Amino acid sequence: MVYFRPRMSQPSPHQPLDPPAGSFAARAEAGSYDEWFSADGRLRESQRRLYEFFTQSASADLSALRRVIRGRIDHQEVTFNLLGAPGGTARPWHLDAIPLLMDVGEWQVLETGLQQRARLLSAMHQDFFGPRRLLHAGVVPPQLVLGHPSFARACSGWLPVGGHRLHVYAADVSRDADGHFVVYSDRTAAPAGAGYALENRLVLGRSLSGLFEDYDVERVRGFFDVMRRCVQELSPQSTEEPRVVLLSAGAQDESSFEHAYLARYLGYELVEGRDLTVRDSVVYLKTLSGLKRVDVVFRRIHDLWCDPLELKEDSFMGVPGLVEAAMEGSVALVNPLGVNMLESAAMKPYLPAACEFLLGESLQLPSVETLWCGDESAFQSVLQNLESYDFKPAFEDRRGSMWSPVAMSAADRASFVERLQAAPARYVAERWPRLAGAPVLDDDGIRYGSVALRAFICRDGDDYRVMPGGLARVDATPDGLFLTDTTGEATKDVWVPALPQGWGKTPTGMPDRRVELRRGGLDLPSRLLDDIYWLGRYVERAEMTARLLRAGFDRCNLEVAGAEQEAALAAVVEALIALEVVSPGSVKRTSTRAALTALLEGALVDASNASSLRSVIGRLHQLTVTVRSRLSRDAWNVLKRLSEPLEGLYPEDDVGPAIEALDEILLTLSAVSGTTMDNMVRGHVWMFLDMGRRVERGILTVSVIRAMLPAGATLIHMKALLEIADSLLTYRARYLSSLQVAPVVDLLMTDATNPRSLLFQVDTLQRHIAQLPRLGDVVRSRAEQRIISLNAALLTADVMQACSGDGNGLRELLEDCGNLLWQFSDDVTQSWFTHADTSHAVAAPQWIDEELEAP
């Protein structure tokens, strides 16, 4: 993609510090700090080039810039989740085109304050779970610690691996009216946003490459190098390549995209609680070849959810026994358990005294004015000035707006005061200054919005390093309510020009240690391979559904209408019924061509039909996102394009657009096959992907043959079947005579040279199974036994005999093969995916279920 370089609407060799009158009238709100202009209206020197760029660029160029940024964000599918929100959970990420540019001197002040704050919080955690000097000396009220809902009593006296307490940390900051930085919240448990900040930098750094180089912006890559080193140094084992996993709650987490993004960037395995187990106080990863020891757990879930045995007993996200393993020192946690309570808003009033007590220093970076209502004197002060404060929970994140008495009716205010007086310790009162204002580029041009910054900090040896940048949020609450459904809320990339002692721009050198050469990939989580396997199945289901629908639409063309085409169309509909794409009740003997066309259109685009092509592609896309860390860039790009031909297509459209969309989908699916065949290493990821495709192709081939070769099948039935199976040209080249049932069945079932035949799928599956880990040295797995039986049945099948007479022999052969394939699929799950939930939705056809249930 071409980098964006706008044309200037008018030449300007040098822009004076005083902007031209009327050229840019927008300013920050009165009483708030303006990131571009000083209080007397003069342009800040550090912002001059940025100002010139955006105020002198043509409006068409700025619109093009926004489209480029939006396109890159959409291409990467950067999203955040709003669980239970109307309109769906996955919300698009918004990145503003104007970066938040920081002055170098001001940034250094912020950096120093954040480093001290990280040291303080780490020391407080050590004290709270150790000698508790802060409590004994009355510096921090004991109720704030021992009475905190997240206080992990099981970790009292615990010395984490490495001796350090806080490894990664984030702080939400903004400026007051005088430009001084103020902290609104501390994020110590699993701070979100670093991955989003990285993605913002990659997108905006490319889109504004000229400005980026002009300002000599500090790179953020070095921060993640420090993070990687910090995590690896925590390994309790003396190993050069510790096994690190990133523990996520999965799709139900608000930042699930970021978890996958960070895991891939840092080179860690993305896992959920069900992927891990604890044996003899050691954490293991469940893999294809058995249990593999885990050295470090980079957790992205709340403290209390980490272990249902010791902490929150109804947690399904955590790992039973994780606390015991951490206490024994066999595994390191990033961050250690118990740090969550340091995020409490009620802790902020006591940080200055704690800093003096523990560090012997004055707190350099103040918090926003906060009073804990559990303190009697503070509570009385709050009651006397009730309308001067906003209120929120003391011990947990708020999930809605703050309580603001000044905006309440008299009745609501009285009700709130009654709740406040009944349990004052559950509330804090805060008085926020106006947030700083910064320019934002939207559809109507440049406007101003309030801006807050989330800064990220990581331990580096015995001190801390601050990411030279961060995640700025526009028109958002600054107190750590990270992801909201606010209309117009956007993010900004944060630019810090080169620092005197910066991170440097020298590429990372080659490691000087030698590594052992290796093959394979047996250490992958079983759940990941399960998803890969089903990704292959859904790819094949999408292809067969598309082929059937295209054959049906072709025969809905009025120019080729006739009795034979009507019969072929009916056979296609029967095949769609067999695949449960169309319900039997929706088809009547008296159905007109128009009704059948409408039926096919619904099977193509009806999102309410779980088996429609649109729904199948949607499920395929979900799996693609889930296994994205194991897909190459080309494979991701191709799979992502599958849904594009159906965009804007509706059931009432003509047949022509539907056929064109199906042609495009089938072409993209061919590209998927080419990408996986040519670009994927023949390891277990590729093997299970291909196994999923072979199983599904075999099952669907059996179902389609059964539906399209009924008793009394005609030439038109056989021609349509060969067309759907992409084998018509092969048949005509091989047989000069007219179409006959036995040769068609042989070509599609027992011809090992035809990549569309059932035997070809079975041969491939047998080779894959032979390369997978065996459950024993001698005994073959049930899956291997089953596929050998199916292979033998096909090799010994008498196709001519089966197709003679009334066709009962063919139906019995198809039923036997279908049963064995479905049983084989179940065996694969039982043998290699026993740690994974059976949550995938493809079910056996009804005739298979009836056969399996027969005595």
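Helices and strands are DSSP runs, with at least four residues for a helix and at least two for a strand, numbered from the N terminus. The exercises below use these names for a predicted model.

**Exercise 1. Place Asp816 in the chain and decide how exposed it is.**

Solution. Step 1: find the element. Asp816 belongs to helix H27, which covers residues 808-832.
Step 2: read the accessibility. Buried means under 20% relative accessible area and exposed means over 50%, with partly exposed in between. Asp816 has 43% relative accessibility, so it counts as partly exposed.
Step 3: compare sequence and space. Asp816 and Ala793 are separated by 23 residues in sequence, and their C-alpha atoms are 8.8 Å apart.

**Exercise 2. Describe the chain as a whole: how many helices and strands does it have, and what share of its residues is buried?**

Solution. Step 1: count the elements. There are 28 helices and 20 strands in the chain.
Step 2: take the burial. The chain has 855 residues, and 55% of them count as buried.
Step 3: look at the contacts. Among contacts with a separation of 6 or more, 73% join residues 24 or more positions apart.
Step 4: check for disulfides. The structure has zero of them. Two cysteines can be classed by accessibility: Cys355, at 0%, counts as buried, and Cys373, at 2%, counts as buried too.

**Exercise 3. Describe the sheet that contains strands S8, S9 and S10: what is the strand order, and which strands stand at the edges?**

Solution. Step 1: write the order. The sheet is open, has three strands in the order S8-S9-S10, and is paired antiparallel.
Step 2: find the edges. S8 (276-279) and S10 (290-293) each have a single partner strand, so one side of each has no neighbour in the sheet.
Step 3: give the twist. On average, and with direction ignored, neighbouring strands here are turned by 45° against each other.
Step 4: go into one pair. Four bridges link S8 and S9 (residues 282-287) in the antiparallel sense. Val278 is opposite Val283 in S9, and Leu276 has Leu285 in S9 as its bridge partner.
Step 5: examine the turn. The hairpin of S8 and S9 has two residues between the strands, and Asp280 in the turn has a positive phi of about 55°.

**Exercise 4. Decide whether strand S5 is enclosed or open, and describe its pairing with S4.**

Solution. Step 1: count the buried residues. Seven of the seven residues of S5 (residues 181-187) are buried, so this strand is largely enclosed by the rest of the structure.
Step 2: describe the pairing. S4 (residues 168-175) and S5 are antiparallel, with six bridges. Arg175 has Phe181 in S5 as its bridge partner.
Step 3: examine the turn. Five residues lie between S4 and S5 in their hairpin, and Gly179 there takes a positive phi near 90°.

**Exercise 5. Describe the sheet of S13, S14 and S15, and name the helix that packs on it.**

Solution. Step 1: write the order. This open sheet of three strands runs S13-S15-S14, with antiparallel pairing.
Step 2: find the edges. S13 (369-372) and S14 (390-393) are the edge strands, each pairing on one side only.
Step 3: give the twist. Its neighbouring strands are turned by 30° against each other on average, direction ignored.
Step 4: add the helix. H12 (residues 376-384) packs on the sheet and touches S13, S14 and S15, and its direction makes about 115° with that of S13.
Step 5: go into one pair. S14 and S15 (residues 427-431) run antiparallel and are joined by four bridges; Phe391 is opposite Ala429 in S15.

**Exercise 6. Describe how helices H14 and H20 pack, then find what covers helix H18.**

Solution. Step 1: choose the quantities. Two packed helices are described by the angle and the distance between their axes.
Step 2: give the values. H14 (residues 526-554) and H20 (residues 684-708) pack at about 35°, with axes 7 Å apart. Their crossing is right-handed.
Step 3: sort the contact residues. The contact of H14 with H20 has 16 nonpolar, four polar and seven charged residues.
Step 4: turn to H18 (residues 633-640). Six of its eight residues are buried, and the helix is mostly covered. Its buried residues include Trp636 and Leu639.
Step 5: name the cover. Among the elements covering the buried residues of H18 are H2 (59-76), H14, H17 (613-626) and H19 (655-679).

Technical notes: Residues are numbered from 1 along each chain as its sequence is written. This is a predicted model: local features need pLDDT of at least 70, side-chain atom pairs count only at pLDDT 80 or more; totals for chains, interfaces and linings use all residues. Side-chain values use heavy atoms; hydrogens and water are left out. Axes are lines fitted to C-alpha atoms, for helices over the stretch in contact, and angles run from 0 to 180 degrees between N-to-C directions. A crossing is left-handed if the near helix is turned anticlockwise from the far one by less than a right angle, and right-handed if clockwise. Ala, Val, Leu, Ile, Met, Phe, Trp, Tyr, Cys and Pro count as nonpolar, Asp, Glu, Lys and Arg as charged, and the others, Gly among them, as polar. Two strands pair if DSSP finds at least two bridges between them. A disulfide is a pair of cysteine sulfur atoms within 2.5 Å. Buried means under 20% relative accessible area, exposed over 50%, partly exposed in between (1.4 Å probe, protein chains only). Contact means heavy atoms within 4.5 Å.
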